[in-house]
Amino acid sequence: MNINFFEFRKNNTSSLRFPVAAVFLFSVALAPNFHAQQKKGDTLTKEKSIDEVVLIGYGKVKKKDQTGSVATLKMNSDTRGFAPNAQDVLVGKIAGVTVTTEGGSPSGGATIRIRGGSSLSASNDPLIIIDGVMIDNGGLGGAGNILNILNPTDIDTFTVLKDASATAIYGSRASNGVILITTKKGGGKMRVTYDANMSVSSPKKTIDVLNADQYRSFVMKTFEGLGNYNEVVGKLGNSNTDWQKEIYRTTFNTENNLSFLGSINNKTPYRISFGYTNLSGILNTSNMERYTSSITFNPTFFDKHLTVNLNGRGMYIKNRFATQDAVGSAIVMDPTQSVYDDNSPFGGYFTWTGSDNNIIQVSTKNPLSLLTMREDQSNVYNFVGNAQLDYKLHFLPDLHFNLNVGLDYSESEGKTYIPALAPSDYIYGGYDMTWDQLRRNSTLDFYTQYTKNFGFLDSKFDIMGGYSWQHYYRNGSNIAHRVSRYDAYGDPLLVSENNYATENYIVSFFGRLNYSIKDRYLFTFTLRNDGSSRFSSENRWSVFPSAAFAWKINEDFFKNSKTVSDLKLRLGWGKTGQQDINQGDYPYLGTYQHSIGSQATYLQGYNNGVPVWVSLLRPQAYNPDLKWETTETYNIGFDYGLWNNRIEGSIDLYQRKTTNLINAETKVAAGTNFAEYVAANIGSLENKGVEFSLNTKPIVSKTFTWEIGGNIAYNYNKITSLSYGENDSAMRRYSMNVHKVGYAAGMFYVYEQIYDNNGKPVEGFYKDQNNDGVINELDLRVYHKPTPDYTFGINTRFTYKKWDLSVASHGSIGNYNYNAVAANNAALSPSSIYANEFLVNRPTSAFDTNFQNSQTLSDYYVQNASFYRIDNVVLGYTFKELSKMLKSLRVYGTVQNPFVFTKYKGLDPEVFGGIDGNVYPRPLTVMLGTNFNF
């Protein structure tokens, strides 16, 4: 790796070198990933201690008895910082789990990956289960992020199942890992908690571009001596506009959460909560307003032989989305022009017009008008709830039955309206689109479990078997018209129209056997038989087995050790499947597409001079032989505790190989299908990796405690085949990336830039890879990848009397970004600066190369995006027993995203997929909060 240092940049004016070795030593020597609750009173958010109970698929075990790779993170408001969305809490906390948010958008989504990606065209998202309800990852229209349905304050724990021995019980759903989310429950005397915080977010960094004076000088120098000098200079304005300053803003945000918890007659624990969040994005007009409520009841009956868990949570979100096109426009908009023009018919905004006084459609649009003259809103209603009954037989208490019925239901609606006078859509006549969506995910799980202790070998026998049924149903519609354009009948011109209804089923039978000998040798076997309606009857069913062994190494040679307090070896193997294939619900069936409007229609004739068009049905490509992807995983792990568990953690080594990859663009012979490319099971890939976590308390005293921990993970990804038979050169190119045999998925595919003696890139000069004397696409090469080699997280917490200070951070090493902002705006030739009667600005990075024409395929723009980010710093003070009613009051302050150490030249190094285009920047946020406990 060519990584010698990170570089800290702030407002593009200062830099600080930071050795990468220091990051490694700090994260490894001082510890990766906090363990949850070592003992009563430990408030640090971390993985659970080895004596705690952790969730597994369809049940729970003591952590010391688990055989798979499982990590649990317990929520803690004291260290949470500014994390309005549930996925924010996971960032940097668990080894092998990466969470990449979509910049600073309040309604933006996030991408979660567990041990890298196991698919190319199919989904790489983990299965998410909330209180026993499997959540549909297919997308929640208008919400931006599926985990927006949860209020983070309601979450008790995240449990991540990573290896196949832990996930195979979920079969076809678990190739990409499983995240089990449990919410808080009630119990004990009635208590009331109220959390409130207020925060201010502001832009932290913008792209360096020429200011107005610099731009005037640049234009005059560039066009000096050219025949159109007077024309071009005459286009310059008299203003000094910072367009990025115009589209960004400082915002005020607030969160409020109220909860009631306790127990009715000491028999029925309950918890009721309400939450309100209002976030305004730093990009003008963006906003998310969220209302949440939840209720849980956990009564027991028949002398605790029947346990009932009732969970329900509702959510309403109102979003206002801001187009990120404004970000790109603000970078290249002429800074000498004013924002507003009193004489402009286009909403009063300055707009480029030609010599004919008509709008120049290809010109850069006024960035602020793109935001204010576009109304893009959504309203989302969601309910997730379940009823779970667990009955332990009176006459045979070792046998119990568990029934779980759950529902994930949502309704969404939205609209996008752009007036006819908006510069962006004036030539088209505006835009008016409405849409709606309904999602209904129904779940039924039933299993029985029998547990028995035997005197033979001091063994314990635990067997479970069950049945699962899921139904996913979605319907929706959208219709779009022009505002001031009409068809032959005088109606608003139809742009698009779509109505759909689709569903799929998953039916499963599953079982698990746990067997332990002398509480030392642990064996686990699971089997799941899955059937998915997304495959034909010949390929519908598949079996997914797993086996695991664990050895608690507490033999005689460790019994008297003062150093080693716990040590366990874990071995696991298993297979999981993939049916979330991103090819619709009927990829094996022949279907037809209905033409819309005047597109692909047949002219039948005329009625009173008005043309009559007949819609056509077009057959779609399909593959009746499509079948499951299968991922086989091997895992070796150690759980350890040293010096009476003062230091503890785990080490895991894994290998995952996916076969029968669903390749969305497999070329077929002409005339054999209804498209040139279809989805087919061709190819395989593998992931290999190491994960290490360590947690420790270096200092523990009556008044002062220091806790530190973290994690580091290495993942190696390689495509091993992409075609039928042996073909080492097989590849599939898309955008700036390529899937190629022998390399990681999604490598960049670019020319190798040639540099002069001063280290400057020479425009248009690239290495002739095949030595044929011609530079063309045959000379493109595979070069670096957007995914990191290493990911890590470092978390620390200090407590002194009633004060507490915590710092959370994370980073990655070995990942690269394609700096599309710099590449797409690098051209400095006169025709690139002025064409079609309008001017464009340039970022200062363009003058590092002085390219006259854009060189977008140069590997110069594939830049090291390794980084180390301080996520949040939280300082708090807790008042105890203030009155008989108020048990405690905590006041705290948080700084979110204060520092990023990186050598990346773009706006922000943390970009999922590695293409850094018009990214919504992450803001700097300062928050003040209080927590009342009555």
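Buried means under 20% relative accessible area, exposed means over 50%, and partly exposed lies in between (1.4 Å probe, protein chains only). Helices (H or I, at least four residues) and strands (E, at least two) are DSSP runs, numbered from the N terminus.

This is a predicted model, where local features need pLDDT of at least 70, side-chain atom pairs count only at pLDDT 80 or more, and totals for chains, interfaces and linings use all residues. Residues are numbered from 1 along each chain as its sequence is written, and side-chain values use heavy atoms, with hydrogens and water left out.

**Exercise 1. Decide how enclosed helix α7 is, and find what packs against its buried residues.**

Step 1. List the buried residues of α7: A326, V327, G328, S329, A330, I331 and V332.
Step 2. Compare with the helix length. Seven of the eight residues of α7 are buried, so the helix is largely enclosed by the rest of the structure.
Step 3. Find the packing partners. The buried residues of α7 pack against α6, α8, α10 (820-824) and β46. Contact means heavy atoms within 4.5 Å.

**Exercise 2. Describe the largest nonpolar core and say which element gives the largest share.**

Step 1. Fix the term. A nonpolar core is a set of buried Ala, Val, Leu, Ile, Met, Phe, Trp, Tyr and Cys residues joined through side-chain atoms within 4.5 Å.
Step 2. Count and rank. The largest such core has 41 residues, and Y215, F218, V219, L283, W352 and L839 have the most contacts inside it.
Step 3. Assign elements. At least two residues each come from α4 (212-223), α6 (243-247), α7 (325-332), α8 (367-372) and β46 (838-839). The largest share, five residues, is from α7.
Step 4. Check one member. V219 contacts V232 and L236, leaving aside neighbours within four places in sequence.
Step 5. Look further. A second, separate core of 38 residues includes M75, V133, L147 and V874.
Background: in soluble globular proteins, nonpolar side chains tend to be buried together.

**Exercise 3. Work out the two faces of strand β24 and its pairing.**

Step 1. Recall the rule. In a regular strand the side chains alternate between the two faces of the sheet.
Step 2. Apply it to β24 (residues 541-552). S542, F544, S546, A548, A550 and K552 point to one face and are buried. W541, V543, P545, A547, F549 and W551 point to the other face and are not buried.
Step 3. Add the partners. Two strands pair if DSSP finds at least two bridges between them. Strand β23 (residues 521-532) runs antiparallel to β24, with eleven bridges. Strand β25 (residues 564-578) is also antiparallel to β24, over seven bridges.
Step 4. Pin the register. T524 has A548 in β24 as its bridge partner, and W551 stands opposite L569 in β25.

**Exercise 4. Place R540 and name its contacts.**

Step 1. Locate R540: the loop between β23 and β24.
Step 2. Grade its exposure. R540 is partly exposed, at 24% relative accessible area.
Step 3. List the contacts. Beyond four places in sequence, R540 touches D530, G531, S532, S533, F535, Y588 and W628.
Step 4. Check the spacing to K627. R540 and K627 are 87 residues apart in sequence and 7.4 Å apart in space, C-alpha to C-alpha.

**Exercise 5. Find the edge strands of the open sheet with order β5-β10-β11-β8-β9.**

Step 1. Read the sheet. It is open, has five strands and shows mixed pairing.
Step 2. Pick the edges. β5 (70-74) and β9 (133-134) each have a single partner strand, so one side of each lacks a neighbour in the sheet.
Step 3. Check one pair. β5 and β10 (residues 155-161) are antiparallel over five bridges. K74 has T157 in β10 as its bridge partner.

**Exercise 6. Examine W643 and E881 for phi, place and exposure.**

Step 1. Recall the background. Most residues other than glycine have a negative phi.
Step 2. Take W643. Its phi is positive, near 50 degrees. W643 sits in the loop between β30 (629-642) and β31 (647-659). W643 is partly exposed, at 47% relative accessible area.
Step 3. Take E881. Its phi is positive, about 45 degrees. E881 lies in the loop between β48 and β49. E881 counts as exposed, at 57% relative accessibility.
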